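Subject: The structure I promised

Hi,

Here is the structure we talked about, handed over for you to look through. Have it open while you read, and my notes come right after it.

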Amino acid sequence: MRKLLLPSIGYLFLVGLLAGGVWWWAYQNSLGQISQRGQTELALAADRIQSHLQRFRQLSVVLADHPGLIALLQNETDQFDANAQALLLKTADKTGSLEIFVLTSDGQVVASSQASPVLSEFGDTPFFIRAMNSALGTAQGFSQESGRIFFSAAPVKQRDGGPLGAIVVKVDIEAVETDWRASPNALYFVDSSNVVFVSNRRGLLFRSEDDGRTPARTVAQAVKYGDLQILAFPHHTRQKIGDFAVLRFSEGPFDGKTMLRLSRAVPVVELDARILIDTAPAFTSAMLQSAFAAAVSLVLGALLMILSQRRLALAQLLTIEETAKQELEARVERRTRQLSDANEGLRQAQQDLIQAGKLSALGQMSAGISHELNQPLMAIRSFAENAEQFLEQGDRKTTADNLSRISDLARRMGRIIKNLRTFSRKEGEPMTRVELNQVISAALELSEKRLEQAGVCIHKTLPGSPVWVMGGEVRLQQVLLNLLSNAIDAMEEQARKSIWISIDSTGPATKLTVRDNGPGLIDAEKIFDPFYSTKAVGKSEGMGLGLSISYGIVQSFGGQITGRNHVDGGATFTVNLNPADKETP
C-alpha cells in the first residue's frame, strides 16, 4: 500500500500542474478571442465618433469662408449683427449643432446662433489659440446649461495678414452615444486628462482613470469641467494575463466582476477609446477545459495503476497486445495518409476554385476583349492595303506613317494578349514582390471595354512612384477584377456611375481602396461568405463566390480585406497588404 501511495500523490501533483497549465493556456486563448471581437467593436465606435464629429469640423471650415462673416469681422464692431445671427441659426438648425458663434481675434463673441448667448471670453481656450495660429482647433468641455459639448474652431483668414477671428461650432456629444447603449460591453472615451467624457454607461461619466482613489483636480480639468466634481474610477486591481490587461472590480457597477480592458487612440478628436469586456465566459471555458484535462489524466492514471497491478497476470497477453498495437499503428498511418490526401485535395480544390473564378471573369470580359482585338486587326488590314497603294505611288512618307501605325496597333494587341495570358494562367508560385500600380493598370485594361459599355467613370488616386507589396501578381489582379465587376453590377440602376481607386502606403500596411456610388452593402457581415449574393438568382455572375475567393487570396498573402458602406453612399472595399522590402531586388 505504501508503495502505491507515494506514486499516487506524485501523479496527482502532476495532474494538478497539467490542469493549471491547460487552464492558463485556455484562458489566454479565450481572452485573445474576445479581445479580437472587442477590438472590432472598439474600431467601429472610434470610426463612428470620428465621422460624427468630423462633419462639424468641416462645417466650421466652410463657414470660415462665408463672405458675410468675413465682412462682420473686418468691421471690428462689438454689436451683434442680425443677419449673421440669422445665418448661424439657420445653419445650426439644419446641421443639428448646439451653437455656432463668431469670435474676434481677441476672443470676443460678436455673433451667435442663440438669441441670448453667453458672452464669455474665449481668448485663453486651447481651441481658439490653435485657430489664431491658422490651424483647426478642437476641445471638449462641460457646462451646466449645455452638458457635454465638443468645440470645433476654424480660423477666418484674410488675404493678407493673420486670422481675423474664428468660427466655433458646439456639438452635443450625447447624440453619438445612442447606438452604443444596447451593447453588453462598457464602452467609453477618455480625454487628455484621463477623465471619461463619452460612455454608454452613465455611471462611468466624469470619472478619472488615474490609479489614485481620490484623483487630484488638475488645472486642465478645472478649465474644462468648471465646478463639476471628478469622481474616481470604480475601485479595481490590475492583473497581467499574458499580453492582456485584466481588471478586478470591488465596487461600482462592475462589483465582483473581472473585465478585460482594451484601448485605442482616436487622435482626430483627441480622445482614447476604451472598452471593458466581462471575462466570465473566458474563465468558465478555461475551467471546463482544465477540468476535462484533469478528468482525462485521472482516468488514464487509474488505468495505468490497474494495468501495473495486473502486469504479471496479463503477461500471456503481450503477443495479443503487440498485435493490437501494430494494428492501431497501421490504422493511424492509414488515417494520417487519408487526412494528408484530403488536405491535398482541399488545396487543389481551392486552386481550381480560384482558376474557375478567373475564367469566369474572362468569360464576362470576352465580348469586350474580342472587340479590343478585332478593331486593331481591321485597322491593321486597312493601313496595310493603303501602304501598298502609297508605295506603288512612290509616297514613302505616307507609307512609313501607315507602317508606324500598324506597329503601334500590333504592340497594343500584344499587350492585351500578354495580360490575358498572364491572368488566365494557373498561378502556383510563392509570394513575391509585386508592383501595385502595374496590377491596377493591367486589371483596368482587361476591364476597359466592360467599363466603357457600362458607362463607368474611373477616378484614380495613385502614387507617382512604384508601390511594392508581397503577393502574387495574377491573384491580386483577380481580386481587383472581382471588386470592379461587383461594383459595375451594383451600379446597374445608377444614372451616374463612378468608381474610385486609391493607394495609401503611409501606414504599416499598404491599403488599396475601391469605392463605388451604388446602393451599398445590405449585410456587410456576410459578404465574404461562400455563395452569399444579392444578385438575381440564375445570373452567371450571381453565384456568390467572387468575394469569398478574394477573401481567401488576400488571407493567403497575410493581408486583410474588409467591406463597409461609405458615408456618402455606395460600398467601400479596403485591401490591406504587407509592404515589400524596398531593398530586396
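Below is what turned up, going from the open and enclosed spaces to the surface, the salt bridges and a few backbone details.

One thing before you start: this is a predicted model.

**The largest pocket**

A good place to begin is the largest pocket, which has a volume of about 2,200 Å³. Its lining takes in 48 residues, and those closest to the centre are A43, L44, D47, T562 and R564. If you want to find the walls by element, look for α1 (2-63), β17 (497-504), β18 (510-516), α12 (546-556), β19 (560-565) and β20 (571-577), which each give two or more residues to the lining. Which of them gives the most? That is α1, with 16 residues. Sorted by class, the pocket lining has 22 polar, 14 nonpolar and twelve charged residues.

While you are at α1, have a look at R48, which is found in that helix. R48 counts as partly exposed, at 28% relative accessibility. Its C-alpha is 9.7 Å from that of E177, although R48 and E177 are 129 residues apart in sequence.

Another pocket element worth a stop is α12. Its buried residues are L547, S548, I549, S550, I553 and V554. After α12 comes G558, with a positive phi near 75 degrees.

**The cavities**

Then there are the enclosed spaces: the count comes to three cavities of 30 Å³ or more. The largest cavity has a volume of about 60 Å³. You can locate it from the residues that line it, namely L436, V439, L476, V479, L480, L512, V575 and L577. At least two lining residues come from each of α9 (436-446), α11 (473-490) and β20. The most come from α11, which gives three. What classes of residue make up this lining? There are eight nonpolar residues, no polar ones and no charged ones. Note that β20 turns up here and in the lining of the largest pocket as well.

**A nonpolar patch on the surface**

Moving outside, F292, V296, V299, L300 and L303 form a nonpolar patch on the surface. Together these residues have about 470 Å² of accessible area. To take one of them, L300 lies in helix α6 (residues 280-309). L300 is partly exposed, with a relative accessible area of 46%.

**Salt bridges**

Side chains of opposite charge can pair when their charged atoms come close. How many salt bridges does a search of the whole structure find? It finds six, and here are some of them.

- R331 and E327: the closest N and O atoms in this salt bridge are 2.8 Å apart. The two are four residues apart in helix α7 (residues 318-392), so about one helical turn separates them. R331 is partly exposed at 48% relative accessible area, and E327 is partly exposed too, at 40%.
- R450 and D489: these side chains meet in a salt bridge at 2.6 Å, N to O. R450 sits in helix α10 (residues 448-454) and D489 in helix α11, so the pair ties together parts that are 39 residues apart in sequence. D489 has 15% relative accessibility and therefore counts as buried.
- K526 and D523: here the side chains meet in a salt bridge at 3.9 Å, N to O. K526 is partly exposed, with a relative accessible area of 40%, and D523 is partly exposed as well, at 26%.

The helix α11 in the second pair is also the one that gives the most residues to the lining of the largest cavity.

**Two backbone details**

Finally, two loop residues to check. S134 has a positive phi of about 65 degrees although it is not a glycine. You will find S134 in the loop between α4 (126-132) and β3 (137-143). F206 is another residue other than glycine with a positive phi, near 60 degrees. F206 lies in the loop between β7 (196-199) and β8 (207-208). Are these two buried or exposed? S134 is partly exposed, with a relative accessible area of 39%, whereas F206 counts as buried, at 12% relative accessibility.

Happy browsing!

Best wishes

Terms used:
Residues numbered from 1 in each chain as written. Predicted model: local features only at pLDDT ≥ 70, side-chain atom pairs only at ≥ 80, totals over all residues. Heavy atoms only, no water. 1 Å grid on protein atoms, 1.4 Å probe; cavity = no way out; pocket = protein on both sides within 12 Å on 5 of 7 lines; lining within 4 Å. Points joined across faces, edges and corners; volume = space filled by probe spheres on them. Nonpolar A, V, L, I, M, F, W, Y, C, P; charged D, E, K, R; others polar. Patch = residues over 30% accessible without salt bridge, like charges linked within 9 Å, V, L, I, M, F, W, Y side chains within 5 Å. Areas by Shrake-Rupley, 256 points an atom, 1.4 Å probe, with all protein chains shown as cover. Salt bridge = Lys/Arg side-chain N within 4 Å of Asp/Glu carboxyl O. Buried < 20%, exposed > 50% of the residue type's maximum accessible area, 1.4 Å probe, protein only.
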